[in-house]
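Hi,

Here is the structure I promised to pass on. Have a look at it first, and then read my notes underneath.

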Amino acid sequence: MKKPNKTRRRRTGLYLVILMVLLFVITMGFQGMSLSADCEKLSAEQAELEARKKELEEERDEIRDKAEYMKTDAYIEDLAREKFGLAYDDEIIFKAADSD
């Protein structure tokens with residue numbers, strides 16, 4: 001009579017182990033899907049940040065170019081013409097008539 005009881009305990013133990021393994025596999029599957037979604041999100045963010053970095057590098061280059069231009073005589077001449085209306089002696093300045 002004791003043999004059927006031992007077999008039943010072994011089966012119950014085996015079923016519990018199988019259940020635990022299944023739960024573990026299912027949990028790992030969900031974690032894998034979650035990590036995959038996070039990875040895709042981070043890849044998109046990385047691409048966006050790389051594009052922003054490129055924009056900022058271009059802006060930096062433009063600022064450097066403008067800073068170099070501002071050190072030249074041509075910049076000073078352009079500024080004097082624009083702000084103060086200055087011209088060389090041999091230049092003729094034409095102004096548009098006001099439409100008032």
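Below is what turned up, starting with the surface and ending with the aromatic rings.

One thing to keep in mind: this is a predicted model.

Let's begin with the nonpolar side. L14, Y15, I18, L22, I26, F30 and M33 make up a nonpolar surface patch, and together they have about 750 Å² of accessible area. One of its members, Y15, sits in helix α1. Y15 has a relative accessible area of 54%, which is over the 50% cut-off, so Y15 counts as exposed.

Then there is the charged side. E57, E58, E59, E62 and D65 form a negative patch on the surface. Take E58 from that group: E58 belongs to helix α1, which covers residues 2-70. With a relative accessible area of 42%, E58 is partly exposed.

Now for the aromatics. How many aromatic pairs does a search of the whole structure find? Just one. The partners are Y69 and Y75, with ring centres 5.5 Å apart. Their planes stand at 80 degrees, so this pair is edge-to-face; the cut-off for that label is over 60 degrees.

And are those two tyrosines buried or exposed? Somewhere in between: Y69 is partly exposed at 33% relative accessibility, and Y75 is also partly exposed, at 21%. Buried would mean under 20%, so Y75 does not count as buried.

That's everything from me for now.

Cheers

Conventions. Residues numbered from 1 in each chain as written. Predicted model: local features only at pLDDT ≥ 70, side-chain atom pairs only at ≥ 80, totals over all residues. Heavy atoms only, no water. Patch = residues over 30% accessible without salt bridge, like charges linked within 9 Å, V, L, I, M, F, W, Y side chains within 5 Å. Areas by Shrake-Rupley, 256 points an atom, 1.4 Å probe, with all protein chains shown as cover. Salt bridge = Lys/Arg side-chain N within 4 Å of Asp/Glu carboxyl O. Lys, Arg positive; Asp, Glu negative; His and termini not counted. Charge placed at Lys NZ, Arg CZ, Asp CG, Glu CD. Helix = DSSP H or I, 4+ residues; strand = E, 2+ residues; numbered from the N terminus. Buried < 20%, exposed > 50% of the residue type's maximum accessible area, 1.4 Å probe, protein only. Phe/Tyr/Trp six-rings, centres within 6.5 Å; stacked < 30°, edge-to-face > 60°.
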